[in-house]
Amino acid sequence: MKDFSQPLIENKEKIIERWVKKVCEDSRIESTYGLSRPAIIDHLEHVLAALAIILAQDKKDNFETIVEASLNHGILRAEQGFDASEIAREYHLFRQIIFSTIEDCLLQATAIEIMEAIRSIDSVVDEAIARCFQSYTQQRIEELENLQNQLALHNQELTRFARTSQDNLSYLAHEIKTPLTSIIGYSDLFLRIQKQKSEIKSTYGNLEHIEQVLTSGRKLLRLINNALEISRLETGETKLKLEPINPREVIEEVTHMLKPSLGNKNINIKANLHKSPQVVVTDSLKLQQIITNLLSNAVRYTESGEIEIACETIDENRWKIVVSDTGIGISEEELLNIFNPYYRVAPNITSCVIDGTGLGLAIVSQLITIIKGEIIVESELGNGSTFTVILPLQIQNK
């Protein structure tokens, strides 16, 4: 029996490099953007090793070496935000590269040897896919359950908020209606499919239903969290938790976290932090909220170009954060209202679709006041915006 394992062993690094390149270049696998090379490769070496062993020993059921690795891979891909279709696509590319690597060897084999090799390769890759989707689905279901629990916990506080904010109740109800309808519809569909327990039905289709539920649920939860945050800030139900922090680390963490939200937008996020103060005494969580909302707002109103966040010391008492973008800009009239709750800048270009609640900048404004700072906005319609936040190097806790 011809040994097909040797080409795989000899070309292991080449296979991995080719696969990483193809995955990163594939337009149908967007979730790899911003991921490190080890994060993309993950369990690939384990699958290759198992495949080489099986091809060498001609054992079709020796999958122990990849079961745990593939299960962990599914959990990792869920945490990284991959869609089910992206996972299926990366395995499809992997299978293609395997066959192209041993192509010369296959051409020298008999028909029976070729069929046996194909069956062995397919069985290993299929087992990896099955285990990966098993843990991926479970992780998504657990995330859905956690989301449901968070929504339930927020229900009572949301009711109180709605009663004390009648002016915004109709708007809030309108914003909640669409994602909530989607959650109910897809949850009902998913539950009915689960009850059927038919082995013929498509697992991939079920995953798509879960993705729809999670997407709508996250949008709803984000809206509720923002609304509740505004309520707490307006009623003074928030206290400072001061501690020495490195602002550069906070900015880098937020920047890295937001990169996957760029989607198909051609935007480069640039951080200019070499003049950043080493230590400031402030409320770390509130500072993180300010930076997150400012950067998210810049991404929302920018279709292409650059978003830059800079940080530097002004003098012995103050420092500043500057977030600038090349987005649609803000007119002089609208600048007067951008910090009002539920106010959204209306884009004058049809290509820019704004998906927001109008609460981000209102939260930023109140948080900056709480941590003793000020915010300055400079913008020109069509030429982007610049938000400058000036803060004390050390907040005195009274």
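I began with helix α14, residues 360–370, and noted that its buried residues are Leu-361, Ala-362, Ile-363, Val-364, Leu-367, Ile-368 and Ile-370. Buried here means under 20% relative accessible area, with exposed over 50% and partly exposed in between, for a 1.4 Å probe and protein chains only. Helices are DSSP runs of H or I with at least four residues, numbered from the N terminus.

I kept in mind that this is a predicted model, in which local features need pLDDT of at least 70, side-chain atom pairs count only at pLDDT 80 or more, and totals for chains, interfaces and linings use all residues. Residues are numbered from 1 along each chain as its sequence is written, and side-chain values use heavy atoms, with hydrogens and water left out.

After α14 comes Lys-372, and I wrote down that its phi is positive, near 65 degrees.

Next I looked up disulfides, meaning pairs of cysteine sulfur atoms within 2.5 Å, and the count was zero. I also checked two cysteines: Cys-105 is buried at 14% relative accessible area, and Cys-311 is buried at 2%.

Last, I turned to cavities, each a set of points on a 1 Å grid over the protein atoms alone where a 1.4 Å probe fits but cannot get out. I found two cavities of 30 Å³ or more, and the second largest has a volume of about 40 Å³, a volume being the space filled by probe spheres set on the points, which are joined across faces, edges and corners. Its lining residues, those with an atom within 4 Å of a point, include Trp-19, His-43, Glu-90 and Phe-94. Helix α6, residues 84–101, gives the largest share of this lining, three residues.

How values were computed. Helices (H or I, at least four residues) and strands (E, at least two) are DSSP runs, numbered from the N terminus. On a 1 Å grid over the protein atoms alone, a cavity is a set of points where a 1.4 Å probe fits but cannot get out, and a pocket is an open set with protein on both sides within 12 Å along at least five of seven lines; lining residues have an atom within 4 Å of a point.
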